[in-house]
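Work through the exercises below with the sequence and the model open. Try each task before reading its solution.

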Amino acid sequence: MEVSLLEQKDNKVSFVFSDFKLSLVNAIRRSIINSVRTLAIEDVTVYKNTSTMYDEVLASRLGLIPLKTFPELGKSKKEFIFKLKEMGPKAVHASDLVPSDKDVVPVYGDMLIINLKEGEAIELEAKAVFGSGVDHAKFTPAHVFYHLYPKITIKNGAVKNAAKIASLCPVNILEGSGDTLAVKKGKLQECILCKACEDFAGEDVIKISSEQNKVVFALESWGQLEPKEILSEAIDLLAEEAEDIAKSI
Ligand code: SF4
């Protein structure tokens, strides 16, 4: 299998996998979604809530706040407490949660929890624990997917109204004028294989297919862990599982 880095930007990373087993790429994706452990708020004790938001809804919102997670913390199976005591009028944000550990804090402090009106108050204590996607989707560390590597064949002798064909591309990777149509330089892998261009112009003008044994693998972290940490943890977990299976045979 060959892996080449396509793009790395902020919380996003994408690779091209070549000469691979599709089942292995899918196993890595599933390991990320199901097995990599992150922190999330699980239990909430509400001491006071005079807002219009039910306790259950408030607790659900707190559970969806991504929390900075260090992989080594997971081995110690620790719990982390957050306190929140606010009085309206106030827009209460994730950054208002007071953590028991200065390193375990909300990734995005400006996430809105609730808008308290004049006289409304909340007071609560929230416990964050480690979990993985099989426990609840809130623990999943990233949005991850793969798609087949596109192959675009253009027969320029047959092209008419290239600009119109190019304008139909939803991801804007085609360029054309007169009877000359082309894929923009370095943009081929961004084709989403929707075939809008082929449906309009016909297969004899532009043919969309995919490469054999080649996929684009993309991952966007929700912020609890860095993309590199997510990938290496997912692969380690997969290797451990394979070893367990080998031992038990
Ligand atoms: S298949 Fe869709 S995304 Fe790909 S080049 Fe054609 S219009 Fe663009």
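**Exercise 1: Two positive phi angles**

Asn172 sits in the loop that runs between α4 (162-167) and β10 (174-177). Helices (H or I, at least four residues) and strands (E, at least two) are DSSP runs, numbered from the N terminus. This is a predicted model: local features need pLDDT of at least 70, side-chain atom pairs count only at pLDDT 80 or more, and totals for chains, interfaces and linings use all residues. Residues are numbered from 1 along each chain as its sequence is written, and side-chain values use heavy atoms, with hydrogens and water left out.

Task: Find the phi of Asn172, then do likewise for Asp19.

Solution.
- Step 1. Asn172 is not a glycine, yet its phi is positive, near 55°.
- Step 2. Asn172 has a relative accessible area of 46%, so it is partly exposed. The classes are: buried under 20% relative accessible area, exposed over 50%, partly exposed in between (1.4 Å probe, protein chains only).
- Step 3. Asp19, also not a glycine, has a positive phi of about 50°.
- Step 4. Asp19 belongs to the loop between β2 and α1 (22-34). Its relative accessibility is 53%, so Asp19 counts as exposed.
- Step 5. Most residues other than glycine have a negative phi.

**Exercise 2: A cis peptide bond**

Task: Which residues does the cis peptide bond join?

Solution.
- Step 1. Gly88 and Pro89 are joined by a cis peptide bond, with omega about 5°.
- Step 2. Pro89 is placed in the loop between β4 and β5 (90-93).
- Step 3. Most peptide bonds are trans.

**Exercise 3: Three strand residues**

Task: Is Ser14 buried or exposed? Place Lys83 and Lys9 as well.

Solution.
- Step 1. Ser14 is part of strand β2 (residues 12-18). Its relative accessibility is 9%, so Ser14 is buried.
- Step 2. Beyond its neighbours within four places in sequence, Ser14 contacts Ser4, Leu5, Leu6, Glu7, Phe217 and Ala218. Contact means heavy atoms within 4.5 Å.
- Step 3. Lys83 is in strand β4 (residues 80-87). Lys83 counts as partly exposed because its relative accessibility is 48%.
- Step 4. With neighbours within four places in sequence left aside, the contacts of Lys83 are Asp96, Leu97, Val98, Leu124 and Glu125.
- Step 5. Lys9 is in strand β1 (residues 2-9). At 53% relative accessibility, Lys9 is exposed.
- Step 6. Now the distances. Lys9 and Glu220 are 211 residues apart in sequence, and their C-alpha atoms are 9.5 Å apart. Lys83 and Ala234 are 151 residues apart along the chain, with 32 Å between their C-alpha atoms.

**Exercise 4: The ligand shell**

Task: How many residues surround the ligand, and which are the closest?

Solution.
- Step 1. The ligand is surrounded by 14 residues (a heavy atom within 4 Å).
- Step 2. The closest are Cys169, Cys191, Cys194, Lys195 and Cys197.
- Step 3. The shell holds 13 nonpolar residues, no polar and one charged. Ala, Val, Leu, Ile, Met, Phe, Trp, Tyr, Cys and Pro count as nonpolar, Asp, Glu, Lys and Arg as charged, and the others, Gly among them, as polar.

**Exercise 5: The whole chain**

Task: How many helices and strands are in the protein chain?

Solution.
- Step 1. The protein chain has six helices and twelve strands.
- Step 2. Its radius of gyration is 24 Å, well over the 18 Å that the globule rule gives for 249 residues, so the protein chain is more spread out than a compact globule. The radius is taken over C-alpha atoms, and the rule is 2.2 Å times the number of residues to the power 0.38.
- Step 3. The C-alpha trace spans about 75 × 60 × 25 Å along its principal axes.
- Step 4. Of the 249 residues in the protein chain, 37% are buried.
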